[in-house]
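Student: I would like to learn how the descriptive words used for a protein model are justified. Could we look at one together and ask, term by term, what each rests on?

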Amino acid sequence: DPDGQGLPPGGFDVALASNVVHATDDIGRSLARLWRLVKPGGAVVLNEVTAVQTFATLTFGLTDGWWAFRDGPARLPNAPLLDVPRWTAALAAAGFPTAEATGLPGETDPARFAQAVIVAHRDARPVPE
């Protein structure tokens, strides 16, 4: 919780996260916290695995945190991950109405990206104090 850490609401132009936001128990709540951190018009930049991969599941699936999510319908089946369409929808619902994703070299269909960098811009509503 950013408030509990003394982080100022709307105090950041950009928030960066690499393969970590999916590892939370509730994507909506996590994105709401990011929304609160970023100033109106600011951005979040997410680097996330966006497809179920055997190696990742075998490696990280052995950790308790991999399975700690409580919002299964928001995730890919049998994984804590979101594909780009799910990320885009979750970001929009959290107040990031525009999001663009870039995949690995040669990937052209965002719905099938294995890994993506997603840049989402926050709406203009003021951050409540």
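Student: What makes β3 and β4 count as paired strands in this model?

Tutor: In this predicted model, five bridges join β3 to β4, the strand of residues 115–121, and the two run antiparallel. Two strands pair if at least two bridges are found between them, and with five bridges β3 and β4 are therefore a pair. One such bridge links T102 to its partner V117 in β4.

Student: Why are β1 and β3 said to stand at the edges of the sheet?

Tutor: The open sheet has four strands in the order β1-β2-β4-β3, with mixed pairing. Because β1 (12–18) and β3 (98–102) each have a single partner strand, one side of each is left without a neighbour in the sheet. On average, neighbouring strands of this sheet are turned by 15 degrees against each other, if direction is ignored.

Student: Which residues of helix α3 are called buried, and what does that word require?

Tutor: In α3, which spans residues 84–93, the buried residues are V84, W87, A90 and L91, and the word requires a relative accessible area under 20%.

Student: How do you know on which side or sides of α3 these residues lie?

Tutor: They cover an arc of only 130 degrees around the axis, so they lie on the same side of α3. A general rule helps here: an α-helix has 3.6 residues a turn, so residues three or four places apart point the same way. What covers the buried residues of α3 includes α1, β2, β3 and β4.

Student: What makes the approach of D83 to R86 a polar contact?

Tutor: At the start of α3, a side-chain oxygen of D83 comes to within 3.0 Å of the backbone nitrogen of R86. The cut-off for a pair of N or O atoms is 3.5 Å, and one atom must be able to donate a hydrogen and the other to accept it; the pair of D83 and R86 therefore qualifies as a polar contact.

Student: Which residues have the most contacts inside the largest nonpolar core?

Tutor: That core has 22 residues, and those with the most contacts inside it are V21, L31, L34, V44, W87, L91 and F96. Two or more residues come from each of β1, α1, β2, α3 and β4, and α1 gives the most, with five residues.

Student: What does V44 touch, leaving aside residues up to four places away in sequence?

Tutor: V44 touches A15, L34, V38, L91, F96, I118, V119 and A120. Apart from the core already described lies another, of six residues, among them V49, W66, L76 and A79.

Notes: Residues numbered from 1 in each chain as written. Predicted model: local features only at pLDDT ≥ 70, side-chain atom pairs only at ≥ 80, totals over all residues. Heavy atoms only, no water. Axes fitted to C-alpha atoms, helices over the stretch in contact; angles between N-to-C directions. Buried < 20%, exposed > 50% of the residue type's maximum accessible area, 1.4 Å probe, protein only. Arc of directions from axis to C-beta. Contact = heavy atoms within 4.5 Å. Core = buried A, V, L, I, M, F, W, Y, C linked by side-chain atoms within 4.5 Å.
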